[in-house]
Amino acid sequence: MLTIVHVIVGAAIGKFVLSWPIALALAVGSHFVLDALPHADPGTLKPQSERGSMNLTDLVLASIDLAVAFGILLLLVGHPNYTASVFAGMVGGILPDVTSGGFHLFPTLKTPRPTAWLFRFHRGIQGTVDKKDWLQGSLVEFGVAVLSIILFLL
Ligand SMILES: [Zn+2]
């Protein structure tokens, strides 16, 4: 799922969870649940066999996604609902992708390491839809984002 959606969901979690460590943990957990939902992301445009590897287009799209996500993060700093829990939720929401990104960019890092199981799990649960289902997948992302924005603004 897009980083933007993970940040928005993390903000909504942080709004309702007053303890920032719990908000952080729940947001990390939400990341895996959201990734498992059928959704459209840049991988939708690729055949199954090419998913999991990054090319220049993926890097550009991921950079834009991450930049917009950080923009949202910074934009919410001045919002009346912004708290340490909201910040922790947003950070927790993107943490799994940020920690995995380096292994996509530098495949030689895929040698045994302490977090290899987490990386395999993260990659294995991806619910990225095929190109023919891009509309349904996009609606899932859009719906989750809109619902989370509404919850955050309540
Ligand atoms: Zn992810």
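# Close-up views of an all-helical predicted model

The protein chain averages a pLDDT of 87, and 90% of the residues score at least 70. These legends describe a predicted model, and each takes up one part of the chain.

**Figure 1. The whole protein chain, with six helices and zero strands.** Read from the N terminus, the elements follow one another as α-α-α-α-α-α. Along the principal axes, the C-alpha atoms of the protein chain fill a box of roughly 45 × 35 × 25 Å. A compact globule of 154 residues would have a radius of gyration near 15 Å, and the protein chain agrees with this because its own value is 15 Å. Of the 154 residues, 31% count as buried. When contacts between residues at least 6 apart in sequence are considered, 84% of them join residues at least 24 apart. Confidence varies along the chain: helix 2 has the highest mean pLDDT among the elements, at 97, whereas helix 5 has the lowest, at 82.

**Figure 2. The largest nonpolar core, a set of 26 residues.** The residues with the most contacts inside this core are V5, V7, I8, V9, A11, I13 and A23. At least two residues of the core are supplied by each of helix 1 (3-16), helix 2 (20-36), helix 3 (56-75), helix 4 (84-105) and helix 6 (134-153). Helix 1 gives the largest share, which amounts to eight residues. In soluble globular proteins, nonpolar side chains tend to be buried together. For V5, the residues touched beyond four places away in sequence are L34, E141, V144 and A145.

**Figure 3. Helix 2 and its buried residues, among them A23, L24 and L26.** The 17 residues of helix 2 should span 24 Å at 1.5 Å a residue, and the end C-alpha atoms lie 25 Å apart, which agrees. Besides the three residues of the title, A27, V28, S30, H31, L34 and D35 are buried in this helix. G29 also belongs to helix 2, but G29 is partly exposed, because 14 other C-beta atoms lie within 10 Å. Between G29 and G93, which are 64 residues apart along the chain, the C-alpha separation is 8.0 Å.

**Figure 4. The surroundings of L34, a residue of helix 2.** L34 has 22 other C-beta atoms within 10 Å and is therefore buried, given that a residue counts as buried if 20 or more such atoms lie within that distance. Once neighbours within four places in sequence are left aside, L34 is in contact with M1, V5, H6, V9 and V144. One of these partners, M1, is 33 residues from L34 in sequence, and the C-alpha atoms of L34 and M1 are 6.6 Å apart in space. The contact with V5 can also be read from the other side, since V5 touches L34 as well as V144.

**Figure 5. I125 in the loop between helix 5 (116-124) and helix 6.** With 13 other C-beta atoms within 10 Å, I125 is partly exposed. Although I125 and A36 are 89 residues apart along the chain, their C-alpha atoms are separated by 5.1 Å. Not counting residues up to four places away in sequence, I125 touches F32, D35 and A36. Of these partners, D35 is one of the buried residues of helix 2.

**Figure 6. Helix 3, with its buried residues D65, A69 and L73.** Seen down the axis of helix 3, the buried residues fall within an arc of 85°, so they line one face of the helix. The face turned away from this buried side carries the exposed residues L56, T57, V60, S63, A67, G71, L74 and L75. Helix 3 has 20 residues and reaches 28 Å from its first C-alpha to its last, close to the 28 Å expected at 1.5 Å a residue.

**Figure 7. S63, a residue of helix 3.** S63 counts as exposed because it has 10 C-beta neighbours inside 10 Å, where the exposed class takes in residues with 12 or fewer. S63 is carried on the face of helix 3 that is turned away from the buried side. S63 and W134 are 71 residues apart in sequence, and the distance between their C-alpha atoms is 21 Å.

Notes:
Residues are numbered from 1 along each chain as its sequence is written. This is a predicted model: local features need pLDDT of at least 70, side-chain atom pairs count only at pLDDT 80 or more; totals for chains, interfaces and linings use all residues. Helices (H or I, at least four residues) and strands (E, at least two) are DSSP runs, numbered from the N terminus. The radius of gyration is taken over C-alpha atoms; the globule rule is 2.2 Å times the number of residues to the power 0.38. Two residues are in contact if their C-beta atoms, placed from the backbone, lie within 7 Å. A nonpolar core is a set of buried Ala, Val, Leu, Ile, Met, Phe, Trp, Tyr and Cys residues joined through C-beta atoms within 7 Å. The expected span of a helix is 1.5 Å times one less than its number of residues. The arc is that of the directions from the helix axis to the C-beta atoms. pLDDT is the predictor's confidence in each residue, from 0 to 100.
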